[in-house]
Amino acid sequence: MHNSKSDDLRNQRQLHEALILHICEELNRKYKTVEDCFEAIYKSLNNGHGPICRHCGCCEFDKKYGDRAGKCKKCRVETHFTANTIYEDCRNPRPYLAVTYLLGKGITFNASQLARATHIATSTASVIYKKIQFVLTALMKDDKSVAEVNSSFFLEVMSKRSRRTPAQQHPAAEQAAFEDEVNAAAPQSTAHNLSPLVDEPPRELTEVEQTIWDLLGQDCVPFNTLQSKTNIRLGTLSHLLVIMELDGVITREDGDCYSRVKAQFPPHTNPNSAANANNKAKTKHKLTASQTAKSAQIANPSPPPNATFNFRAAFPTDDVVEEIISSIIRIKENFHGISRKYLQPYLAMYWCVDNRRRWSFRALLQACGKHGALPAAKIEEYVTPLTVALKVAV
Ligand SMILES: [Zn+2]
């Protein structure tokens, strides 16, 4: 029997879709009615302890099974349990459960698959899906173990238009447009300030220079303060500062302030420097997985001490590059392509499904119950930042 590649792919897709349907049927057997679904949500609130009365702190309510509102047993004030949660105004809770149930089993899917499996319109499925991706994006922010990478690594998957896509241009043009927007908005010094200050002076200092160096610490210090603290004569201090600045020991900032020189890697001393890599990404605008891997091989694998994991300061390590590539492949397989605007929520979803031990159905449902309301406008105004968070192998 001979199977062509496209047949294989079709079979794979059919199997994947069948799996999604199968899991949703399993969910339907567990939660047969709308009331069953709302009751599951009710119980997931407040870390699985159920809601608390905001007026008296009591946790017992008079309510019918599956009701979204109930009266506090103590103070008799009515509480709407889904108010100010992602379920606000929700009438059909099943698709919400379906998303958390599928993700809780490590299954990714697209909005059309969710729509077919839960018998809702694709547009509705898309909104619900986004809401939960937003919850995951917020949760991912608290995870200190994630890597931060420049979003332009994902240019290849940015093939879906969004409101942010420049008119009559390819969806990937959104990246350059957004970079320009951010750069134009940021004061020139901000980009520079992203680099950490160096701990060791770049050359040997004289005793008096050392005093100045120590005074600067990790702060930007005004000339007057330096003068009063060192008691060096005005003219002498000016002279010293000029020399130190010329030698690249200190930097003069706006407002006659001085700081230690920032850690940087001039292109001629380090060909893999951040500035270089940044330019590469900017001019190429089409960084394929293999190219990414290649640049990673030649890149310095360890970030300089003290540096934040910022693209400007360090090129991703091999582990991170591997993760970038695998995310690109998965996005292509699962969604063909996505818009730049919502890149981060998709990466957050992979972060979730790859951590099976932490993000069970129960844990996800509880996390969703803790998140505030997510009106459509909030989702609409979201834009993936230039630096995205990416899970790293645990
Ligand atoms: Zn009460």
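Helix α8, residues 207-216, lies across the strands β5, β6 and β7 in this predicted model. Relative to β7, the helix runs at about 95 degrees. The three strands beneath this description belong to an open sheet with the order β5-β7-β6, in which the pairing is antiparallel. The edges of the sheet are taken by β5 (221-222) and β6, each of which has a single partner strand, so one side of each is left without a neighbour in the sheet.

Within this sheet, β6 covers residues 250-253 and β7 covers residues 257-260, and the two pair in the antiparallel sense over 4 bridges. The register of the pair can be read from I250, which stands opposite R260 in β7. β6 and β7 form a hairpin with 3 residues between the strands. In that hairpin, G255 takes a positive phi near 75 degrees.

A further open sheet of 3 strands has the order β1-β2-β3, again with antiparallel pairing. Its edge strands are β1 (61-62) and β3 (78-80), each of which pairs on one side only. Strand β2, residues 69-72, is joined to β3 by 3 bridges in the antiparallel sense. Here K71 stands opposite E78 in β3. Strands of a sheet pair through backbone hydrogen bonds, in either a parallel or an antiparallel sense.

The helices α3, α4 and α5 may be taken next. Two packed helices are described by the angle between their axes and by the distance between those axes. Helix α3 (residues 94-104) packs with α4 at an angle of about 125 degrees, and their axes are 10 Å apart. Because roughly perpendicular covers angles of 65 to 115 degrees, the angle makes α3 oblique to α4. The crossing of α3 past α4 is right-handed. On the α3 side, R94, P95, A98 and V99 take part, and they meet L114, A117 and T118 in α4. By class, the contact of α3 with α4 comprises 5 nonpolar residues, 1 polar and 1 charged.

Helix α4 (residues 111-118) also packs with helix α5 (residues 122-141), at an angle of about 115 degrees and with the axes 8 Å apart. That angle makes α4 roughly perpendicular to α5. As α4 passes α5, the crossing is right-handed. The α4 residues A111, S112, L114, A115 and T118 meet T122, A125, S126 and Y129 in α5. This contact of α4 with α5 has 5 nonpolar and 4 polar residues, and no charged residues. L114 and T118 of α4 thus appear in the contact with α3 and in the contact with α5.

These elements belong to a chain that has 16 helices and 8 strands. Of its 394 residues, 31% count as buried. Among the contacts in the chain with a separation of 6 or more, 68% are accounted for by residues 24 or more positions apart.

Technical notes. Residues are numbered from 1 along each chain as its sequence is written. This is a predicted model: local features need pLDDT of at least 70, side-chain atom pairs count only at pLDDT 80 or more; totals for chains, interfaces and linings use all residues. Two strands pair if DSSP finds at least two bridges between them. Axes are lines fitted to C-alpha atoms, for helices over the stretch in contact, and angles run from 0 to 180 degrees between N-to-C directions. Angles under 35 degrees count as roughly parallel, over 145 as roughly antiparallel, 65 to 115 as roughly perpendicular and the rest as oblique. A crossing is left-handed if the near helix is turned anticlockwise from the far one by less than a right angle, and right-handed if clockwise. Two residues are in contact if their C-beta atoms, placed from the backbone, lie within 7 Å. Ala, Val, Leu, Ile, Met, Phe, Trp, Tyr, Cys and Pro count as nonpolar, Asp, Glu, Lys and Arg as charged, and the others, Gly among them, as polar. A residue is buried if 20 or more other C-beta atoms lie within 10 Å of its own, exposed if 12 or fewer, and partly exposed in between; C-beta atoms are placed from the backbone.
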